[in-house]
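Here are a few short exercises to help you find your way around. Have a go at each one before reading the solution.

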Amino acid sequence: MKEHTLKIAVLGTGRVGGTLGRRWAEAGHQVIFGSRYPDDEKVKKLIGDSRGNATATDHRTAAEQSEVIVYAAPWPVAQQLIGSLGSLAGKVLVDCTNPLNSDFSGLDVGYTTSAAEKIADWAVGARVVKAFNNVSSAIMANPVFGDQRATMFYCGDDAEAKLTVRQLAAELNFDPVDAGPLRIARYIEPFAMLYIQLAVKEGWGSHCAFKIMKR
Ligand SMILES: NC(=O)c1ccc[n+]([C@@H]2O[C@H](COP(=O)([O-])OP(=O)(O)OC[C@H]3O[C@@H](n4cnc5c(N)ncnc54)[C@H](OP(=O)(O)O)[C@@H]3O)[C@@H](O)[C@H]2O)c1
């Protein structure tokens, strides 16, 4: 049994949600996938790959049963989906979104606000942390490069919530870096556009990641 097992709702069972949820379940946390189709074969396979530590249900039930909620569904449905979850008071809500515009050429929001801040407005009472948006799901599956670990920048306004997310990132073998308050998502979200530019447009592929150095 883990020292501190968390109940984690992972909303969305695609590349990001599937990878993060499976890995946290493997690490011993209790993962509840929130899905539109919890009985789908894809979701059953995910549960089968999660060492007996994952189940699936609808979004609202998953959120109600969890202390940490990871939003890993598309940005355009975020307001509606989060609005359907019921009370989120006190819960840690991890926002993994990139608010890409419809042709993926840029961001829907930025400069004066961010997806994370909008989500915090919609998720009344939740302690929102931006994280897991600036690498590919392939890196979420394995952030280790030789003796180096990929940096995971995160930000938020609640110190305890950030510590929880820091721990969750470290358990996946990321090098977690606290970038400050939630409004810093205004920089972390465009940073993901740089990642997409390099990975997709410049041909680096999905097995690259950012590393910050210090001396
Ligand atoms: N792909 C990446 O490398 C990457 C990296 C960083 C951040 N992100 C961000 O992470 C989020 C998820 O991206 P992804 O690549 O994992 O996407 P994805 O593979 O398309 O998966 C998204 C999941 O969200 C759910 N979903 C899809 N449409 C929905 C709808 N209309 N209403 C409710 N749920 C819906 C689905 O799960 P169910 O079928 O189970 O409902 C789907 O599997 C996005 O906000 C993206 O910007 C992606």
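**Exercise 1.** Does W24 count as buried or exposed?

*Solution.* Keep in mind that you're looking at a predicted model. To count as buried, a residue needs a relative accessible area under 20%. W24 has 0% relative accessibility, so W24 counts as buried.

**Exercise 2.** Work out where W24 sits and what W24 touches.

*Solution.* Start with the helix: W24 belongs to α1, which covers residues 15-26. Next, look for neighbours, skipping residues up to four places away in sequence: W24 touches I8, H29, V31, V70, F132, L168 and L172. Now zoom in on L168, whose backbone oxygen lies 3.1 Å from the side chain of W24. Finally, try a residue 188 places along the chain from W24: that's I212, and the two C-alpha atoms are 24 Å apart.

**Exercise 3.** Find how many disulfides there are in the whole structure, then check C155 and C208 to see why they form no such bond.

*Solution.* First, the count: a search of the whole structure turns up 0 disulfides. For the check you need the cut-off, which is two cysteine sulfur atoms within 2.5 Å. Take C155: the closest cysteine sulfur to its own is in C96, 12 Å away, so that's too far for a bond. Then take C208: its closest cysteine sulfur is again in C96, but at 18 Å, also too far for a bond.

**Exercise 4.** Are C155 and C208 buried or exposed?

*Solution.* Go one at a time. C155 has 0% relative accessibility, so C155 counts as buried. C208 has a relative accessible area of 10%, and C208 is buried too.

Methods:
Residues numbered from 1 in each chain as written. Predicted model: local features only at pLDDT ≥ 70, side-chain atom pairs only at ≥ 80, totals over all residues. Heavy atoms only, no water. Buried < 20%, exposed > 50% of the residue type's maximum accessible area, 1.4 Å probe, protein only. Helix = DSSP H or I, 4+ residues; strand = E, 2+ residues; numbered from the N terminus. Contact = heavy atoms within 4.5 Å. Polar contact = N/O pair within 3.5 Å; in protein donor to acceptor, adjacent residues only side chain to side chain.
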